[in-house]
Amino acid sequence: MQYLFLKEAGEQSVTLQGDEHRYIFKVRRHREGEVVALRNLVDEHIYFYKINVLSKKEAQLSLEKSEILPVLAKKKLHLAWCVIDPKSVEKVLPTLNEMGVDAISFIYCSRSQKSFKPDFKRLEKILLNSSQQCGRSSLMKLFVVDSLESFLKKNPQTVMLNFSDNSLANRADISTILIGCEGGFTSDEVALFESDKVVGLDTAFILKSESAVCAMAAKLLI
């Protein structure tokens, strides 16, 4: 663990209770008198607190020092991801977070199952745990969009990942990329993009949606 998330981080004194208390003292086994690192994921500071008082249910910490220490990806990548089964999203979300994906917009495309609803509260908890482990200093942004057309109006620079001879290797400028759900895109959705805004992967295999998302993040960010 690189730090513990606490929204009150930055205040002169803080109290740890519940899950934060259990994690620091039962999992990480910190003791009274030691110093722990906290972030609030709002500013770019990391805060170092001394454990002054420790009991079975809570701990009192006081601020010792702080540093401006942003830990960010070198470029911003926005994934436009047609809605798939939330369970599949949850499995790969920590990986995408570690790679440095800036934002994900979950879009209800033509072949998305409308019954699937992203649980943002659950996804945020996954992101918080992942960020504490990998050291990321800002929280990934998550959105839901009703249709591809409305997303493209606000994000006209979007590039589509589809079957194409246009090599992704020649498109280092991509900042927003659209990945389809199971079954891919309809002809009407493909028609929304000019040919130079459609790229493909150099593979003979059919990738699952979540595999394609991870491949895009890795190729464009790492």
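Reader: What do strands E4 and E5 form, and how many residues stand between them?

Author: E4 and E5 form a hairpin, with 3 residues between them. The model is predicted, and local features need pLDDT of at least 70 and side-chain atom pairs pLDDT 80 or more, while totals for chains, interfaces and linings use all residues. Residues are numbered from 1 along each chain as its sequence is written, and side-chain values use heavy atoms, leaving out hydrogens and water.

Reader: How do you know that E4 and E5 pair, and in which sense do they run?

Author: Strands are DSSP runs of E with at least two residues, helices are runs of H or I with at least four, and both are numbered from the N terminus. Two strands pair if DSSP finds at least two bridges between them. E4 and E5 are joined by 9 bridges and run antiparallel, so the pair satisfies that requirement of at least two. One of the bridges sets tyrosine 47 against its partner, serine 66, in E5.

Reader: What is the strand order of the sheet of 5 strands, and what kind of pairing does it have?

Author: The sheet is open, its order is E1-E3-E4-E5-E2, and the pairing is mixed. Strand E1 (4–5) and strand E2 (13–17) are its edge strands, each pairing on one side only. Both senses can be followed in the model: E1 and E3 (residues 35–39) run parallel and are joined by 2 bridges, whereas E2 and E5 pair in the antiparallel sense over 5 bridges. Leucine 4 has leucine 38 of E3 as its bridge partner, and threonine 15 is matched with glutamine 60 of E5.

Reader: Which strands are at the edges of the sheet of 6 strands, and in what order do its strands lie?

Author: The order of this second open sheet is E8-E7-E6-E10-E9-E11, with parallel pairing. Its edge strands are E8 (141–145) and E11 (198–199), each of which pairs on one side only. E7 (residues 103–107) runs parallel to E8, with 5 bridges between the two, and isoleucine 104 stands opposite leucine 142 in E8. Helix H3 (residues 120–134) packs on this sheet, touching E7 and E8.

Reader: What makes H2 and H6 parallel or antiparallel to each other?

Author: Axes are lines fitted to C-alpha atoms, for helices over the stretch in contact, and angles between N-to-C directions run from 0 to 180 degrees. Under 35 degrees counts as roughly parallel, over 145 as roughly antiparallel, 65 to 115 as roughly perpendicular and the rest as oblique. Helix H2 (residues 86–99) and helix H6 (residues 209–221) pack at about 5°, with their axes 10 Å apart, and H2 and H6 are therefore roughly parallel to each other. Among the residues that meet are Val92 and Leu96 of H2 and Val213 and Ala217 of H6.

Reader: What makes asparagine 40 count as buried or exposed?

Author: Buried means under 20% relative accessible area, exposed means over 50%, and partly exposed is in between (1.4 Å probe, protein chains only). Asparagine 40, in the loop between E3 and E4, has a relative accessible area of 9% and is therefore buried. Leucine 41, in that loop between E3 and E4, has 13% relative accessibility and so counts as buried.

Reader: Which backbone atom does the side chain of asparagine 40 reach at 2.9 Å?

Author: The side chain of asparagine 40 reaches the backbone oxygen of alanine 9. A polar contact is a pair of N or O atoms within 3.5 Å, where within protein one must be able to donate a hydrogen and the other to accept it, and residues adjacent in sequence count only if both atoms are side-chain atoms. A polar atom of the asparagine 40 side chain also lies 3.1 Å from the backbone nitrogen of aspartate 43.

Reader: Is lysine 74 buried or exposed, and what about serine 209?

Author: Lysine 74, in the loop between E5 and strand E6 (78–82), has a relative accessible area of 90% and is therefore exposed. Serine 209 lies in helix H6, and at 4% relative accessibility it counts as buried. Contact means heavy atoms within 4.5 Å, and, residues up to four places away in sequence not counted, serine 209 touches Trp81, Ile84, Ile179, Gly180, Cys181 and Glu182.
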